[in-house]
Amino acid sequence: MRAVVQQQYGGSEQLSMGDTPEPVPGPRDVVVRVHAAGVDRGTWHLMTGRPYAVRLAFGLRRPKYSVPGRDVAGVVTQVGEQVTAVTVGEEVMGTADGSFADLAVVPEQRIARKPEGLSFAEAAVLPVSGLTALQAVRDAGRVRAGDEVLVIGASGGVGSYAVQVATAYGARVTGVASAAKADLVRSLGAVRAIDYATQDLDDGTRYDVVLDIAGLRPIRRLRRVLTDRGTLVIVGGEGGDRWLGGTQRQLAALAMSPVVSQRLTALMSKESGADLAELGDLVDRGQIRPLLERTFELDEAAKAIDHVASGHARGKVALTP
Ligand SMILES: NC(=O)c1ccc[n+]([C@@H]2O[C@H](COP(=O)([O-])OP(=O)(O)OC[C@H]3O[C@@H](n4cnc5c(N)ncnc54)[C@H](OP(=O)(O)O)[C@@H]3O)[C@@H](O)[C@H]2O)c1
């Protein structure tokens, strides 16, 4: 089958098109014909091996998986003998260890049916970023109806879902993004948009929950815009050092939380099929919709990853083999 392949860590010039053997499913695995594969920030981290901490889990010397990509949507072509959740011919979405290919293997616990109202490309950009947003809002942020919520990085992959999910939970959302994307952020449900380049986050408003997805702001500045008993959820941010990539803030927040009145927490998202099904329900109810900026051909994977790595995509992009 055709696949994008990568033998070493490095920039997108490491990627090439190759022929690889068709995957064989394990007993609890599903083989999916890839109609679309989402590209997210994590794909860049796994391609470059940066920050170096990611190599502890994904290969010390070279990438553990030679085919990049996690997000996938497509049609089931084969199932392992113990799989009960889906059958051959069903349209699904999920996360694979290598989705930039004609076929991908998805463990049964990381798959869900594709919402009927979404194209394959839209469904392919839901899993990684949507799960992160759902778990940040529901579990780490414990957002309740009526909460004032600040989403920093509201126009990006995770943030575009976080604004919609928090709005669906009944929160009043303020989104932080560039001025050019203020209208986009409001169209997702935010009641207010803040331009990170020209406006101070601290304009007197105090938030019950701050979802910090971009900008690597110091914790003390984020705490200043929280209510006394508010919750800070650190999700991510780019541009930290090459070893930890800014994750020191997550560790500092967890260490500080027990001794302050606010809840300071960090998110490590989980690739859960049950949560993916919950996202599918939110789509079916018209409460969230993937913000798909554009699609690329499979052999344009390098271009697609560079586009996402620029940090200024409008929502999400996908490859369409
Ligand atoms: N914890 C986890 O489990 C987990 C899971 C997934 C992702 N992440 C991390 O979450 C982060 C965001 O991922 P993503 O896919 O959403 O990235 P993305 O698509 O590149 O989005 C970045 C967003 O940040 C905004 N932004 C850029 N500079 C900013 C600044 N100084 N202040 C405020 N906003 C700024 C951008 O706005 P403009 O485009 O308008 O400039 C854009 O909305 C990444 O670091 C990723 O690694 C963590």
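**Entry 1: Lys 114**

I started at Lys 114, which sits in the loop between strand S7 (111–113) and H3. This is a predicted model, so I treat every value as computed from it. Is Lys 114 buried or exposed? I found it buried, with a relative accessible area of 8%. The cut-off for buried is under 20%, so Lys 114 qualifies.

Next I followed the side chain. It reaches the backbone oxygen of Leu 118 at 2.5 Å. Then I listed contacts, leaving aside neighbours within four places in sequence. Lys 114 is in contact with Glu 91, Val 92 and Met 93. Ser 119, Phe 120 and Ala 123 are also in contact with Lys 114.

**Entry 2: Thr 48 and the loop after H1**

I moved to Thr 48, in helix H1. Thr 48 counts as buried because its relative accessibility is 10%. Which backbone atoms lie by its side chain? The backbone oxygen of His 45 is 3.4 Å from a polar atom of the Thr 48 side chain. The backbone nitrogen of Arg 50 is 3.2 Å from a polar atom of that side chain.

I also checked partners beyond four places in sequence. Thr 48 touches Tyr 9, Gly 10 and Arg 55. Thr 48 and Arg 62 are 14 residues apart along the chain, and I noted 9.7 Å between their C-alpha atoms.

Following the chain onward, I looked at the peptide bond from Arg 50 to Pro 51. It is cis, with omega near -10 degrees. Most peptide bonds are trans. Pro 51 belongs to the loop between H1 and helix H2 (55–58).

**Entry 3: H4 and Arg 142**

How many residues of H4 are buried? I counted 12 of the 14, so the rest of the structure largely encloses this helix. The buried set includes Pro 127, Leu 131, Leu 134, Val 137 and Ala 140. Polar residues are in the set too, among them Ser 129, Thr 132 and Gln 135.

Just after H4 comes Arg 142. Its place is in the loop between H4 and S8. Phi of Arg 142 is near 45 degrees, a positive value in a residue other than glycine. Most residues other than glycine have a negative phi. I marked Arg 142 as partly exposed because its relative accessibility is 46%.

**Entry 4: Leu 216**

I noted a positive phi at Leu 216 as well, about 50 degrees, although it is not a glycine. Leu 216 is in the loop between S11 and helix H7 (219–224). At 24% relative accessibility, I recorded Leu 216 as partly exposed.

**Entry 5: The cores**

Which residues have the most contacts inside the largest nonpolar core? I listed Leu 126, Val 149, Val 151, Val 173, Leu 211 and Leu 279. The core has 49 residues. Elements that give two or more residues to it include helix H4 (127–140), strand S8 (148–152), strand S9 (172–177) and helix H9 (273–284). It draws at least three residues from each of domain 1 and domain 2.

I picked Val 173 for a closer look. Not counting residues up to four places away, it touches Val 149, Val 151, Val 163, Ala 166 and Thr 167. Ala 190, Val 191 and Arg 192 are also touched by Val 173.

There is a second, separate core of 26 residues. Its members include Val 30, Val 92, Ala 96 and Ile 305. Val 92 was already in my notes as a contact of Lys 114.

**Entry 6: Domains**

The domain assignment gives domain 1 (2–126 + 290–319) and domain 2 (129–266). Their C-alpha centres lie 27 Å apart. The contact between them takes 17 residues from domain 1 and 19 residues from domain 2.

**Entry 7: The ligand**

Last, I went round the ligand. Which of the 28 residues around it come nearest? They are Ser 155, Ser 178, Lys 181, Tyr 196 and Glu 238.

I then logged contacts to oxygen atoms of the ligand:

- Val 158 has a polar backbone atom 2.8 Å from a ligand oxygen.
- Ser 269 has a backbone N or O atom 2.9 Å from a ligand oxygen.
- Arg 41 has a side-chain N or O atom 3.4 Å from a ligand oxygen.

On its own, the ligand has 940 Å² of accessible area, and the protein covers 86% of that. Helix H1 (41–48), H5 and S9 each give two or more residues to the shell around the ligand.

Terms used: Residues numbered from 1 in each chain as written. Predicted model: local features only at pLDDT ≥ 70, side-chain atom pairs only at ≥ 80, totals over all residues. Heavy atoms only, no water. Core = buried A, V, L, I, M, F, W, Y, C linked by side-chain atoms within 4.5 Å. Buried < 20%, exposed > 50% of the residue type's maximum accessible area, 1.4 Å probe, protein only. Helix = DSSP H or I, 4+ residues; strand = E, 2+ residues; numbered from the N terminus. Domains from an automatic or database assignment. Contact = heavy atoms within 4.5 Å. Near = heavy atom within 4 Å. Polar contact = N/O pair within 3.5 Å; in protein donor to acceptor, adjacent residues only side chain to side chain. Areas by Shrake-Rupley, 256 points an atom, 1.4 Å probe, with all protein chains shown as cover.
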